Structure formats: structure tokens, C-alpha cells
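Let's take a walk through this fold, one strand at a time, and then look at some charged side chains. Keep the viewer open as you read.

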Amino acid sequence: MRNILFKEELEQVIEDIFVSYVDQDGSSSREELYRDKPEDHFSISSAGKCFLEQSWKYINTKPTNKPDADGFKRMRDGTQMHEDLNKAIKWATAENFDNWNELYEKRTEKYVKLQDVPVHGHYDLALINHEKRHFLMVDFKTVSTWVWASVKKDPKRNHKMQVYTYALGLAEELKKQELKDYTFECFIFYINKNDIKFHVTHVQEDWEEMSLAYWYNLVRFKDNENLDDIKYKHGSLAYI
């Protein structure tokens with residue numbers, strides 16, 4: 001048995017190791033995030049997806065077509081950028097960078113859920129002005145160059161639903177904590193993963209109503225469908 005690897009084999013071995021690590025690390029991170037959290041909830045990060053796919057996830061159907069190696073690499077880029085941005089915000093808060101602690105309380109990577117529908121998740125950044133009872137909800141999204149121009153003009157539908165659902169969850173939480181209603185605005189902070197350019201887009205208020213309608217309709221679909229039948233018919237099908 002030879003004791004060396006050819007160049008092509010070495011590339012493949014290291015790629016396989018990296019992809020397996022990213023897959024396992026992502027699964028472990030999700031498990032840690034949702035430890036002691038309700039299991040019978042939809043994820044805010046999946047807002048806008050088709051109801052059948054949501055049902056598969058709800059009944060814990062395992063995906064059969066995980067991303068390929070390039071897909072895992074792109075996902076890792078996005079994960080790393082999110083982590084760096086959150087670390088930078090925490091650093092800026094600790095250092096009172098540019099005096100930005102004066103107006104807002106900063107909350108990062110916090111858990112929220114809606115009261116009336118089984119939906120939960122972790123938002124990226126909320127900037128809360130308690131004096132004015134108003135907050136800004138910011139969702140970080142990494143995208144590739146080929147979609148950069150389009151999302152700068154008009155963010156993706158599911159991105160708009162996600163950020164508004166996070167905001168609705170925080171508004172409910174603040175009402176419980178402060179016994180007051182808070183108004184809010186929503187923004188998507190896009191990062192071009194190819195050249196690390198930033199772009200912030202304000203999301204129009206009508207997406208609040210559309211986001212809620214999506215979740216209510218999804219719950220009705222779930223309640224009216226036989227999920228065991230869905231699992232039997234579609235349990236081996238793939239989703240991402």
C-alpha cells in the first residue's frame with residue numbers, strides 16, 4: 001500500500017473533511033440554539049417557503065439532497081460573516097464606539113417567538129430606543145454577485161417576511177417586559193460575499209400583514225392536512 005496521496009486525492013480528502021465538519025458543526029449549532037425550546041414550531045428563517053416543504057420539516061423529515069461541496073462552502077462564508085458582524089457589534093457596544101450606546105439598546109442573536117402561531121427563531125440585530133418606544137430590526141443576509149443587483153432594488157420575498165416576523169416577535173416580547181407597545185422599522189443588511197460590499201434596504205410596512213398572513217395560512221394548511229400521510233407519501237423526497 002502506498003503511503004502518499006496524489007495531488008487530486010489530497011484535494012478531495014481535505015474537501016471531504018471540510019464539508020463533513022461544516023455539516024456537523026451546523027447541526028450542532030442548531031441543536032444548541034434550540035435546546036429547551038419548543039419542538040412543534042416552524043422556523044422564522046424558513047419564511048416564504050412552500051407549505052409542503054414546511055410540513056416535511058415540521059414532522060422532522062430528513063433531507064436527502066444536502067448541498068454539494070460548493071454549497072457547503074458558500075454556506076460557511078455566510079455563517080462566518082454573520083458571526084463576525086455580531087462580534088463587531090458586541091465589541092462596538094462594549095467600547096461605546098462612536099457613542100452609539102446613547103440612543104439604542106443593542107440586542108444580538110436573541111430568541112423570539114410569536115404568541116398566536118407556532119413560529120420561533122433568532123434575530124441578528126435589534127436597536128431599541130426605550131424612550132421613544134421604537135426599535136429597528138436588522139437581518140443580515142449574504143448573497144452572491146449574481147443576485148446583488150436585484151436584491152438592492154427589491155429584497156427577496158422570504159427575506160422581507162423573515163425580518164418582519166422577527167420584529168413582530170420582539171414587539172410582543174417588549175410589550176410583556178415593558179407593558180407598553182413599541183413601534184418598529186425593518187431593514188435587511190445585505191453583504192456581497194464576493195467583494196464584501198454592504199447595502200441596507202428598508203422594508204415597507206405592508207410586509208407586516210403579509211408575513212402574518214403567511215404564517216396563519218401555513219398553520220391552517222398543517223391543521224387540515226394529514227401529516228402522517230404526507231410523511232408516508234413524501235418522506236423520502238428531498239428538500240433544502
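What follows goes from the strand pairings to the salt bridges.

One thing up front: this is a predicted model. A good place to start is strand β3, which spans residues 119-129. How many of its residues are buried? Eleven of eleven, so the strand is mostly covered, with buried meaning under 20% relative accessible area.

Now see who sits beside β3. Strand β1, a short run at residues 42-43, lies parallel to β3 and is joined to it by two bridges. If you want a residue to click on, take Ser43, whose bridge partner in β3 is His120.

Strand β2 covers residues 105-113 and pairs with β3 through eight bridges, this time in the antiparallel sense. Val112 is a handy marker here: its partner in β3 is Gly121. Follow the chain from β2 into β3 and you pass through a hairpin, with five residues making the connection.

Carry on past β3 and you reach strand β4, residues 134-143, which is antiparallel to β3 and joined to it by five bridges. In this pairing, Ile128 stands opposite Phe135 of β4. These two strands form a hairpin as well, with four residues in between. Check the backbone at Arg133 in that turn, where phi is positive at about 50°.

With the strands in place, let's turn to the charges. The structure has seven salt bridges, and three of them are worth a look here. Which residue does Lys141 meet in a salt bridge? The partner is Asp139, at 3.5 Å from N to O. Both ends are covered: Lys141 is buried at 15% relative accessible area, and Asp139 is buried at 4%.

Another pair is Asp223 and Lys222, whose side chains come to 2.7 Å, N to O. Here the two ends fall into separate classes. Asp223 has a relative accessible area of 52%, so it counts as exposed, the cut-off being over 50%. Lys222, at 14%, is buried.

There is also a network: salt bridges with shared partners link Glu105, Arg107 and Glu173. Within it, Glu105 bridges to Arg107, and their closest N and O atoms are 2.8 Å apart. Are these two buried or exposed? Glu105 is partly exposed, with 29% relative accessible area, while Arg107 counts as buried at 12%.

Note on methods:
Residues numbered from 1 in each chain as written. Predicted model: local features only at pLDDT ≥ 70, side-chain atom pairs only at ≥ 80, totals over all residues. Heavy atoms only, no water. Buried < 20%, exposed > 50% of the residue type's maximum accessible area, 1.4 Å probe, protein only. Pairing = 2+ DSSP bridges. Salt bridge = Lys/Arg side-chain N within 4 Å of Asp/Glu carboxyl O.
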